[in-house]
Structure formats: C-alpha cells, structure tokens
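Let us take a guided walk through this structure together. Keep the picture at hand and follow each stop as it comes.

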Number of protein chains: 2
Amino acid sequence: MEDVAEVVGVSVNTVSRALNDKPDINSDTKKKILEAVEKLNYHPNRLARGLRRQKSGIIGVIVADIANPYFSTMVKGLEEEATERDYSIILQDTDEKYQNEVDAIETMMEERVDGIILSPVQTEAGTVERLKEQHIPFVLVARKFSDIPTDYVISDERGGAYHATKFLLEKGHEKVAFINGPVHNSSALDRLKGYRRAFAENGVEPDEDLITHGAVSTEDGSRFFKLLYEKETDFSAVFAFSDFVALGVLSAAHAKDIKIPDDLEVVGYDDIEFTNCMSTPLPSVKVPKREMGRRALDILLKRIEFKGKVEEYGGEERFEVKLPTEFLERS
Amino acid sequence: MEDVAEVVGVSVNTVSRALNDKPDINSDTKKKILEAVEKLNYHPNRLARGLRRQKSGIIGVIVADIANPYFSTMVKGLEEEATERDYSIILQDTDEKYQNEVDAIETMMEERVDGIILSPVQTEAGTVERLKEQHIPFVLVARKFSDIPTDYVISDERGGAYHATKFLLEKGHEKVAFINGPVHNSSALDRLKGYRRAFAENGVEPDEDLITHGAVSTEDGSRFFKLLYEKETDFSAVFAFSDFVALGVLSAAHAKDIKIPDDLEVVGYDDIEFTNCMSTPLPSVKVPKREMGRRALDILLKRIEFKGKVEEYGGEERFEVKLPTEFLERS
DNA sequence: ATCATTAACCTTACCGTTAACCTTACCGAA
DNA sequence: TTCGGTAAGGTTAACGGTAAGGTTAATGAT
C-alpha cells in the first residue's frame with residue numbers, strides 16, 4: 001500500500017480510503033490510485049485489515065463428512081453465498097467425531113472467524129454450549145438440539161419421513177422396517193417421529209422390532225438389513241435413513257435374490273443425485289441442501305451485523321428455519 | 001496475551017516464547033503461563049501472528065464443483081492432511097467457470113494464503129501462468145496442463161481408460177462408443193489416449209463417429225447417448241467419462257428398453273460409491289481421490305517450506321505425481 | 001476584511017504477535 | 001577480584017492496515 005501511495009503521491013491513508021469507498025476523497029485522486037493499484041498489482045492484506053478492524057471476514061464451516069454429497073452440496077450453497085457477500089470460508093471436517101469438533105472450533109477461534117456454521121456431531125453438546133457462552137455468532141445446519149435454543153436451519157425431516165412412510169403404508173405394506181440413523185442424531189429422531197405419525201394416522205402401531213438405529217453408511221445398510229432379515233422376515237418394505245443406507249439394503253437384498261420392488265419395496269432419503277437413474281429408481285425425500293447452506297449463511301451474517309443489537313430483542317429472538325422437503329415417488 | 005502476561009507477571013514476549021516452544025524460558029514459568037492461558041481461555045490471534053510472521057498458515061483450495069463426490073472426497077483428503085499439519089484451508093468453488101477461478105485466486109492472494117491447491121477450469125491457462133509469474137506456491141490436482149510445467153498430482157487416467165476399454169474389447173465388443181468429457185479437460189484427453197491405445201493394441205481403429213466430447217453431468221450422459229443412438233445404433237458398449245455420465249446413459253437406455261448388460265454394456269469412471277450397489281453394478285475405474293488430496297497438500301507444503309531453496313535445484317525440479325488407478329470389473 | 005465551513009487530505013496511534021536485540025543476575029575460571 | 005559466559009528474561013520495532021482526529025487551502029457569508 002505504501003508503494004501505491006508513493007507512486008500517486010498521497011498518504012497510505014488516502015489509498016485506504018480510496019479502496020474502501022470512504023468519503024473525503026477526490027474522484028480524480030481515487031482514479032489515479034485505482035490505476036496505480038492495478039499497475040502495481042497490489043492486493044490489500046486481509047490479515048492486517050482483519051487485525052485492525054477486529055473482523056476477519058472469514059466464516060468457519062464445520063461439517064460431519066464433506067465427502068458425503070449431503071454436506072458437500074450444502075457447503076456449495078454456503079460457499080456461493082459467502083463469495084457473493086465477500087466472505088471467505090474455512091472448512092473443517094469432523095468425521096462424526098466429537099473431539100474433532102472441539103479441535104475445529106478451537107482452531108476457528110484462533111483464526112478469529114466472524115462466525116461459525118456448524119453441523120454438530122451430536123454425541124455431546126459441549127461445543128455448542130461453549131459457543132453460546134462466549135457469544136460467538138453461530139448457526140447450526142441440518143441438525144439441532146431440541147433442548148438448547150440456538151439459531152438453526154434444518155429441513156422438515158418429520159414431514160419427509162411422514163410422507164415416505166405414508167407412501168409405503170398406502171401401497172398396502174403393513175410391516176415397514178425402519179433402518180434409522182444414530183439415536184443422538186436429530187435428523188434420525190425427527191424422521192422417527194414422522195414414521196410414527198404416519199402409522200398413527202393409519203391407526204396402526206409400528207412393530208418396534210422393525211425399528212433399528214445407527215445406520216449411516218452403505219455398509220451399515222447392508223448389515224442392518226441382513227440382521228433384520230435373519231431374525232424377522234416379516235416385513236415387505238424398508239424405509240432407510242438415507243439413500244446410502246438404502247443402497248446397502250438394495251445390495252444385500254439383491255444378494256439374497258429378493259426382487260425389488262416386488263418382494264421388497266425400499267425408500268430412501270436425501271435425494272442423492274444418482275438414485276433417480278437406477279433401473280428401478282429409488283423413491284426418496286428431496287432435501288434443499290444448497291438452500292439450507294445459503295440460508296444458514298444469511299442468518300449468520302445477520303447475527304454478525306446486528307451483534308450489538310441483540311439486546312434490542314431481549315437477546316431471545318431466534319432464527320429457527322425449517323425448509324420444506326418433498327417426497328419423490330418416482331413411479 | 002497481555003492479560004496472560006500480567007497474571008503470570010512476565011512480559012508478553014515470554015508468553016509468546018512459552019506458546020511457541022522457543023528456548024530461553026524456564027520450565028516453571030512456562031508451566032505457569034500455560035495454566036494461565038487455560039484459565040483465561042486465551043486463544044492466540046492467528047491474524048496477528050500471520051501478519052508478523054508473513055505466513056498465514058492458510059492454504060487456498062479451489063475446485064470445480066465441491067458438490068461432486070470426486071472433488072469433495074479429494075477435499076476430504078486435503079483437509080485431513082492440512083489439519084494434521086496445523087494449516088487451515090479456505091475453500092472456493094469455481095463451478096467450472098474460468099472467471100470464478102480468476103476471482104478465487106484474487107481473493108486468496110488478499111487472504112495471503114501460503115499456497116494454493118487448484119483444480120483448474122481448463123478453458124484458459126491465464127491463472128496458472130500468473131501464479132507462476134508471481135511465484136506463489138501452488139499444486140494442480142486432478143488436472144494438468146501438458147504445455148505448462150507445474151507441480152501436479154493426478155491419477156493414471158490413461159491407464160484407467162485403457163483397462164476399461166480393453167475390458168470391453170476383450171468381451172468381444174468391437175464398436176465401443178466413448179462419451180467423453182470436455183475437450184479442454186486434461187482428464188478427458190488422457191482418457192481418450194487410453195481408449196485409443198486399447199484399440200491400437202487390438203489392431204483395430206476406433207470408429208471416430210462413436211467418440212463424442214463435452215459430457216459432464218448425468219443429463220449430458222442421457223443427451224449424448226440419445227444423439228449417438230439416433231444416428232448410429234451400431235455399437236454394443238459405451239465407455240462413459242464418469243459414473244455420473246454413465247448413469248445418464250443407463251437411464252436413457254432404460255427408457256428405450258435396452259437391456260443392460262445384454263443389449264448394451266456400460267462402463268463408467270471414478271468409482272463413485274453407489275455404482276457398486278446397483279442391481280447390475282457398473283464397472284468403473286477407481287481413482288484414489290483422497291490420496292490425491294493428501295499428496296497434493298504434502299507437496300505444496302514442501303514447496304512452501306523450501307521456498308528459498310528452490311534455486312538449489314536450479315528452480316526446475318517438479319513434482320509430477322501420477323497415482324495408480326484400478327479398473328473394477330464387478331463381475 | 002474576517003471568520004466559519006468544508007473538501008480533501010495528512011498524522012498518529014493502535015490492532016496482537018514475534019524477531020531482533022538488550023539487560024540482568026549468577027556462576028565458575030583466571 | 002575481575003571477567004566472560006549463560007540462563008532467563010525484558011524492550012522495541014515492525015508486520016500492513018484503519019479509525020480518529022488534526023491540518024490546509026479554498027469558498028462563501030457577513
């Protein structure tokens with residue numbers, strides 16, 4: 001910046017003002033400065049700016065598994081919105097391990113991020129509590145804690161699961177197995193509620209033995225299906241926690257020569273791109289992943305901008321966004 | 001830091017020394033300082049550290065589409081390695097648009113990243129030229145420029161395509177259509193070489209009309225397949241640029257009541273998780289995506305550390321890493 | 001002619017660290 | 001005793017910006 005100032009013959013401060021569209025600057029001078037900036041290929045130093053302004057312009061993003069299209073699509077939305085609004089994002093992946101989440105937040109605090117977007121590993125809630133205590137702006141995405149009030153952006157998991165289950169029940173299946181996600185996971189819990197509601201509405205009780213928890217990966221899907229199948233073959237449909245889990249089910253079913261959808265009907269969740277292209281397409285629940293990312297970032301920036309004004313609302317106002325899901329029948 | 005210094009009764013410099021494992025510090029003092037750091041919940045400011053050290057500790061990562069598992073898995077590897085080595089990563093997505101790449105690099109220079117990992121949009125090479133000119137450490141991943149020497153980490157695309165094509169030829173297919181990626185894309189070019197080599201080795205010339213370029217998405221796969229099918233039905237197998245493209249082919253074929261693999265045999269590329277789980281699994285080429293990310297970061301850090309010593313090797317030494325691929329037959 | 005106003009700058013200090021250099025007390029050797 | 005060496009610190013300046021407040025010359029009103 002000093003070089004630019006020297007070339008133009010002004011002080012560094014004037015250069016700073018020119019670059020930040022501040023008042024008190026002649027438009028001719030400004031033009032000259034911008035030209036010099038261009039010619040010298042000058043790039044303002046965001047570290048220095050951040051240090052002085054006490055605002056890094058960086059948002060921390062912590063997800064459970066970036067390799068999963070569910071999260072990576074969300075991150076895509078986040079990144080788009082961030083770039084549009086001149087923020088950078090720092091990414092960390094927890095691999096669903098709580099300790100990694102703790103470490104990630106530590107790093108982000110040192111990095112002086114202006115706020116955090118978090119998809120929490122939900123085995124413990126300590127990190128979220130700490131973020132609250134320390135008044136670091138943050139927004140949860142995809143997952144929430146029902147007993148801790150925070151800003152969050154989720155999708156209508158209950159509704160999605162409800163429609164998926166209802167679809168199967170209406171097709172005449174009475175025994176619908178549910179291979180659900182981990183019990184601590186809020187998505188899994190909400191989907192279970194939707195599943196139960198669909199049954200309740202039909203005046204039937206679901207068979208509790210057909211409800212299992214803990215499936216995440218494709219392998220889990222295969223494993224859980226085999227276990228269910230071996231001890232209780234009395235079900236004609238499976239509602240899987242995710243498309244990946246559903247794929248595991250399909251794969252295991254295929255190995256056992258079970259015909260889809262005649263012998264067994266399977267429904268997934270998340271609408272991962274490919275599930276539509278299979279020879280027997282997998283019905284699934286479409287989740288607005290990208291939009292979730294965008295919204296979360298938007299809310300976070302609101303929090304950051306109005307940080308001082310939180311008291312105006314008694315510090316109690318929350319952004320609790322639930323975006324609609326859509327069941328895709330794929331007949 | 002000042003607070004910590006005051007509590008312990010030393011100067012800030014001593015605190016700094018304690019935190020950076022520098023010499024000239026008494027171990028008792030150090031212990032006291034670390035305790036105070038803990039108690040006060042002090043987090044060193046990386047902005048200030050970066051400013052002073054002229055090293056941000058941040059790596060810029062630019063990919064073409066983070067929502068694509070190919071890239072997101074790579075990023076997972078990158079992130080793992082970066083976290084292990086105490087670097088943070090800033091992520092930007094170009095959406096395969098060159099202008100976004102230009103902007104992304106601009107941002108990263110302002111952010112004073114210590115180096116850049118780039119999967120270039122290859123419609124233009126200006127950004128890479130500029131990175132070279134400005135001596136910014138960078139490593140290309142997944143894609144390279146054959147006419148511009150740089151560090152890069154890619155996979156053996158030629159070999160992968162060769163084996164995939166050979167597989168089809170050996171099964172008796174003489175007419176193998178190739179629905180390839182964009183012509184400017186180095187992966188596509190290398191895969192084409194592999195495709196040709198397999199033919200050459202068989203003493204056959206591929207039918208040039210069966211080679212098409214420009215497919216990326218599932219929709220492209222469907223579209224290109226339909227076009228090929230309409231004007232020339234004389235092929236019994238398709239080698240697709242990616243699993244996504246292959247899915248599009250399968251989907252379109254299914255719509256035309258073409259039986260897989262009896263009427264048409266399809267092979268994909270990338271080994272995206274799900275392709276193994278379909279009722280007729282899709283043969284594909286396994287690419288060590290995660291490993292590519294890790295290696296690229298490792299090389300970048302070497303460059304960063306030895307920045308001053310490049311001259312020792314005449315500034316000419318390059319890291320040109322080609323990781324092995326593996327054809328998955330999935331019989 | 002005098003003074004207040006204002007546009008357009010300049011000066012200074014500071015953001016939180018760390019590199020480089022200086023200080024002090026103590027110890028053993030000459 | 002005097003001196004050099006060393007361990008364990010302290011002091012200062014600088015990294016590259018920006019906020020806050022001061023300066024200057026021109027302008028206009030009185």
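A salt bridge here is a side-chain nitrogen of Lys or Arg within 4 Å of a carboxyl oxygen of Asp or Glu. Please keep in mind that this is a predicted model.

## Salt bridges over the chains

By that rule, the count comes to 58 salt bridges over all chains. One of them joins the side chains of B:R294 and B:E84, with N to O at 2.8 Å. Why is this pair worth a look? B:R294 sits in helix α12 (residues 289–305) of chain B and B:E84 in helix α5 of chain B, so the pair ties together parts that are 210 residues apart in sequence.

## Where the two chains meet

How many residues does each chain bring to the contact? Chain B gives 47 residues, and chain A gives 47 residues. The size of an interface is often given as the accessible area lost when the parts come together. For chain B and chain A, the buried area is about 4600 Å², and carbon and sulfur atoms give 56% of it.

Salt bridges turn up here too: the rule finds 10 of them across the interface of chain B and chain A. Among them is the one between the side chains of A:D95 and B:K76, at 2.6 Å from N to O. Across the interface there are also 27 residue pairs in polar contact, both residues being at pLDDT 80 or more.

Which elements of chain B give two or more residues to the side that touches chain A? They are α4 (46–53), α5 (69–84), β2 (88–93), α6 (98–110) and α11 (243–255) of chain B. Of these, α5(B) gives the most, with seven residues. Sorted by class, the residues on this side of chain B are 19 nonpolar, 16 polar and 12 charged.

## Around DNA strand C

Next, look at the DNA. There are 26 residues around DNA strand C, and those that come nearest are A:S11, A:N13, B:S16, B:K22 and B:R52. Which part of the strand C atoms within 4 Å of the protein belongs to sugar or phosphate? That part is 62%, and the rest belong to bases. A base contact is found at B:R52, where a polar side-chain atom lies 2.6 Å from a base oxygen of DNA strand C.

The elements that give two or more residues to the surface near DNA strand C are α2 (12–19) and α4 (46–53) of chain A, together with α2 (12–19) and α4 of chain B. The one that gives the most is α4(B), with four residues. By class, this surface has seven nonpolar, 12 polar and seven charged residues.

## Around DNA strand D

DNA strand D has 25 residues around it, and A:S16, A:K22, B:N13, B:T14 and B:N26 come nearest. Of the strand D atoms that come within 4 Å of the protein, sugar and phosphate account for 60%.

The table lists some contacts with phosphate oxygens of both strands.

| Protein residue | Protein atom | DNA strand | Distance to a phosphate oxygen |
|---|---|---|---|
| A:T14 | side-chain N or O | strand C | 2.7 Å |
| B:N20 | side-chain N or O | strand C | 3.3 Å |
| A:N45 | backbone N or O | strand D | 3.2 Å |
| B:S11 | side-chain N or O | strand D | 2.7 Å |
| B:T14 | polar side-chain atom | strand D | 2.4 Å |

The elements giving two or more residues to the surface near DNA strand D are α2 and α4 of chain A, together with α2 and α4 of chain B. Here the largest share, four residues, comes from α4(A). The residues of this surface divide into seven nonpolar, 11 polar and seven charged.

## A sheet in each chain

Strands of a sheet pair through backbone hydrogen bonds, either parallel or antiparallel. In what order do the four strands of the open sheet of chain B lie? The order is β7-β6-β8-β9, with parallel pairing. At the edges are β7 (211–212) and β9 (265–267) of chain B, each of which pairs on one side only. Strand β8 (residues 237–240) of chain B runs parallel to β9(B), joined by three bridges. If you look along them, you will find B:A237 opposite B:E265 in β9(B).

Chain A also has an open sheet of four strands, with the order β7-β6-β8-β9 and parallel pairing. The edge strands are β7 (211–212) and β9 (265–267) of chain A. Strand β8 (residues 237–240) of chain A pairs with β9(A) in the parallel sense over three bridges, and A:F239 has A:V267 in β9(A) as its bridge partner.

Definitions and conventions:
Residues are numbered from 1 along each chain as its sequence is written. Chains are lettered from A and ligands numbered from 1 in the order in which they are written. This is a predicted model: local features need pLDDT of at least 70, side-chain atom pairs count only at pLDDT 80 or more; totals for chains, interfaces and linings use all residues. Side-chain values use heavy atoms; hydrogens and water are left out. Contact means heavy atoms within 4.5 Å. Buried area is the accessible area (1.4 Å probe) that two parts lose on being put together, summed over both. A polar contact is a pair of N or O atoms within 3.5 Å; within protein, one must be able to donate a hydrogen and the other to accept it, and residues adjacent in sequence count only if both atoms are side-chain atoms. Ala, Val, Leu, Ile, Met, Phe, Trp, Tyr, Cys and Pro count as nonpolar, Asp, Glu, Lys and Arg as charged, and the others, Gly among them, as polar. A residue is near a molecule or strand if one of its heavy atoms lies within 4 Å of it. Two strands pair if DSSP finds at least two bridges between them.
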